[in-house]
Amino acid sequence: MDADASSSLSPYALLLHALSLVPLSHYLFLSLLLLLVLFYNLLEIHFLHDLFTAFRGDPVNLIFHSSSPLCQSLAATCHVLRGRYLSTPWLSGPHLQTAFLTFFGRAPNVTYKRQLFRTVDGGTIALDWLYSDVLEDSAHVNDTSLKGCKTPIVIVIPGLTSDSTADYIKHFAFKMARQGRNVVVSNHRGLAGVSLTSDCFYNAGWTEDIRKIVEHIHSQYPEAPLYVVGTSIGANILVKYLGEDGVNTPIVGAAAICSPWDLLSHSVRDFDDHATRVLGKFETVDSYYRHSSSTSYVRNVSVPLLCISALDDPVCTREAIPLDECRANENVMLATTQHGGHLAFYEGINASSLWWVRAVDEFLGVLHSSPFVNRVKKVQESTVPAPSESLIDQGPYVNVVGDGMVAAAGTVAMNNVAEEAPNEPLAQLNEHDQDVSLETEKDDRVVGEILNENNLIPPSQQPVSVDEKIVPMRRQIDQLSRYTRISIWLLAWIAFSTTWPWLGFALTLFLKRRFKRFMPTMLLKR
């Protein structure tokens with residue numbers, strides 16, 4: 001292009017011509033760099049921060065009552081909580097950590113022994129036990145051998161849609177058993193391969209199940225110290241239960257991991273509106289959130305409680321953490337980390353362990369050897385009422401190996417049949433139990449029909465079948481599971497769609513460069 005032609009062109013045309021002279025490889029490199037920057041910020045990656053701090057990690061922030069002798073003693077003794085947390089370098093982001101835990105996990109292989117319990121309202125709860133001799137031979141451990149045992153028992157409450165097969169549950173259960181504690185995972189109703197046998201489903205504020213399970217286990221093993229650890233929704237249930245019962249609980253220590261705290265900022269509102277609210281018999285989803293949030297119950301917790309939350313948790317956000325409420329209670333210690341994701345907290349170059357598992361293990365060990373546990377026991381002995389034996393019925397043990405779960409098999413009717421025919425196979429007992437249940441259900445329907453024919457039951461109080469309530473709930477659970485699986489791909493699509501304008505611009509420049517020899521002539525004609 002000569003000088004006269006250049007002087008007659010507009011500045012924009014000259015700029016476009018200059019940009020067309022830049023090699024395509026430069027534009028591709030710039031697009032890749034912008035894409036990496038976008039992904040770095042979108043996925044909240046902190047690798048550069050870790051690199052600039054020489055991979056020392058960030059200190060754990062402890063919040064507790066400044067004049068609490070219990071918290072001061074625990075803070076001085078728990079080295080993990082007083083140290084730093086450094087996430088796995090190639091998982092340096094909350095979304096990466098959470099997705100890796102969901103899709104890969106790297107959990108150890110565990111073998112549970114299952115116990116089925118029937119609640120007074122007909123619900124079935126699966127308790128999966130992992131005993132302290134898990135590394136030796138747990139096949140011969142049974143309920144009778146634990147009578148009078150003083151080995152600590154750790155009850156685990158899983159999160160939303162999780163059960164004993166979840167990878168983070170396996171990590172924790174294996175660690176607890178390896179440290180000489182007996183572990184029992186209290187699966188939610190309708191999960192862990194057990195059918196939903198009542199018209200009541202679990203939710204974030206339903207504390208009755210864990211209350212009855214704690215009472216029953218305490219009655220069976222009164223000499224064993226009881227600890228409870230809740231994760232995610234299970235942590236909210238745990239804190240709410242501790243706040244409701246105060247000193248009237250046989251628990252001597254607890255830990256709440258990644259609790260949502262204030263459910264008004266929860267991210268599954270549609271699911272709660274269509275399923276949880278309906279099954280919980282709440283008028284609105286907001287009333288369910290207000291009733292179920294554990295924040296208002298923190299001040300009433302009367303047992304040592306460790307709460308762990310990551311400030312970059314993409315599910316249970318930092319805004320909901322009740323900092324002031326935890327600081328005001330002398331029994332509560334709150335530990336927050338800058339990173340960790342949701343229930344992940346992977347550490348080490350191989351991502352083979354979870355930091356929160358180490359922290360809870362040390363906390364329970366220090367608490368168990370401290371004099372505060374004896375004080376808690378003395379107070380509880382004078383206040384905790386004797387549990388009712390008829391509230392939960394015990395079913396037989398069955399083995400649960402790896403990820404293989406079994407369907408509900410134990411009820412009161414099944415126990416009666418087993419006493420009459422102890423040599424019959426388990427499958428045949430299930431058939432007997434099913435027959436008994438069907439007969440009972442048939443009798444209930446006949447009674448209901450007679451009452452309805454005589455107009456003795458108002459339309460608003462007429463019974464609703466369990467299936468009519470379960471079907472929409474199961475549909476919402478399946479939908480929530482699909483959302484969880486595609487979340488990481490959704491993030492990738494957002495990144496691609498937001499960077500497409502840059503890629504389109506680079507492609508346009510490439511095409512114009514191919515025909516740049518014709519551009520001066522075309523511009524002069526214009």
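His342 sits in the loop between β11 (332-337) and β12. I should say at once that we are looking at a predicted model. With a relative accessible area of 9%, His342 is buried, because buried here means under 20%. Its side chain forms a polar contact of 3.2 Å with the side chain of Ser232. Leaving aside neighbours within four places in sequence, His342 is in contact with Thr98, Leu101, Ser232, Cys258, Asp313, Pro314, Val315 and Cys316. There is also a long step along the chain to note: Pro94 lies 248 residues from His342 in sequence, while the C-alpha atoms of the two are separated by 7.1 Å.

Next to consider is Leu343, which is placed in the loop between β11 and β12. Leu343 has a positive phi of about 65°, although it is not a glycine. For context, most residues other than glycine have a negative phi. Leu343 is buried, with a relative accessible area of 4%.

Several of the residues just named lead us to helix α7. Pro94 is one of the buried residues of α7, and so are Thr98 and Leu101. The helix, residues 94-103, is mostly covered, with 7 of its 10 residues buried. The others in the buried set are His95, Gln97, Ala99 and Phe100. Just after α7, Gly105 adopts a positive phi of about 80°.

I turn now to Ser259, in the loop between β9 (251-257) and α11 (269-279). Is Ser259 buried or exposed? It is buried, at a relative accessible area of 4%. A polar atom of the Ser259 side chain lies 3.2 Å from the backbone nitrogen of Trp261. Beyond four places in sequence, Ser259 is in contact with Ser232, Ala235, Asn236, Ser294, Ser309 and Cys316. Two of these names have come up already: Ser232 and Cys316 are also among the contacts of His342.

Let us move to the nonpolar interior. Which residues touch the most other members of the largest nonpolar core? They are Ile308, Trp355 and Trp356, in a core of 102 residues. Helix α14, residues 355-368, supplies the largest share of this core, namely 9 residues. Apart from this core lies another, of 5 residues, which include Leu191, Leu196, Phe201 and Tyr202. As general background, nonpolar side chains in soluble globular proteins tend to be buried together.

In the same part of the sequence as Leu191 is Ala192, in the loop between β7 (182-186) and α9 (208-220). Ala192 is a further residue other than glycine with a positive phi, in this case near 65°. At 2% relative accessibility, Ala192 counts as buried.

Returning to Trp355, its contacts beyond four places in sequence are Val60, Val80, Leu81, Arg84, Tyr85, Ile308, Thr337, Phe345 and Glu347. The last of these, Glu347, belongs to strand β12, residues 346-347. Although it carries an acidic side chain, Glu347 counts as buried, at 12% relative accessibility. Which side chain does Glu347 meet in a polar contact of 2.8 Å? The partner is the side chain of Arg358. Again setting aside neighbours within four places, Glu347 is in contact with Tyr85, Leu86, Thr88, Ser352, Ser353, Leu354, Trp355 and Arg358.

Helix α14 also packs against helix α5, residues 69-77: the two axes come within 10 Å and cross at roughly 125°. That angle makes α5 oblique to α14. The crossing of α5 past α14 is right-handed. From α5, the contact involves Leu70, Leu74 and Thr77; from α14, it involves Glu362, Phe363, Val366 and Leu367.

The final site is Arg327, found in helix α13, residues 323-328. With a relative accessible area of 36%, Arg327 is partly exposed. Its side chain makes a polar contact of 3.1 Å with the side chain of Asp324. Outside its sequence neighbours within four places, Arg327 is in contact with Ile63, Phe64 and His65. Arg327 and Ser66 are 261 residues apart in sequence, yet 8.0 Å apart in space, C-alpha to C-alpha.

Key. Residues numbered from 1 in each chain as written. Predicted model: local features only at pLDDT ≥ 70, side-chain atom pairs only at ≥ 80, totals over all residues. Heavy atoms only, no water. Core = buried A, V, L, I, M, F, W, Y, C linked by side-chain atoms within 4.5 Å. Buried < 20%, exposed > 50% of the residue type's maximum accessible area, 1.4 Å probe, protein only. Helix = DSSP H or I, 4+ residues; strand = E, 2+ residues; numbered from the N terminus. Contact = heavy atoms within 4.5 Å. Polar contact = N/O pair within 3.5 Å; in protein donor to acceptor, adjacent residues only side chain to side chain. Axes fitted to C-alpha atoms, helices over the stretch in contact; angles between N-to-C directions. Parallel < 35°, antiparallel > 145°, perpendicular 65-115°, else oblique. Left-handed = near helix turned anticlockwise from the far one by under 90°.
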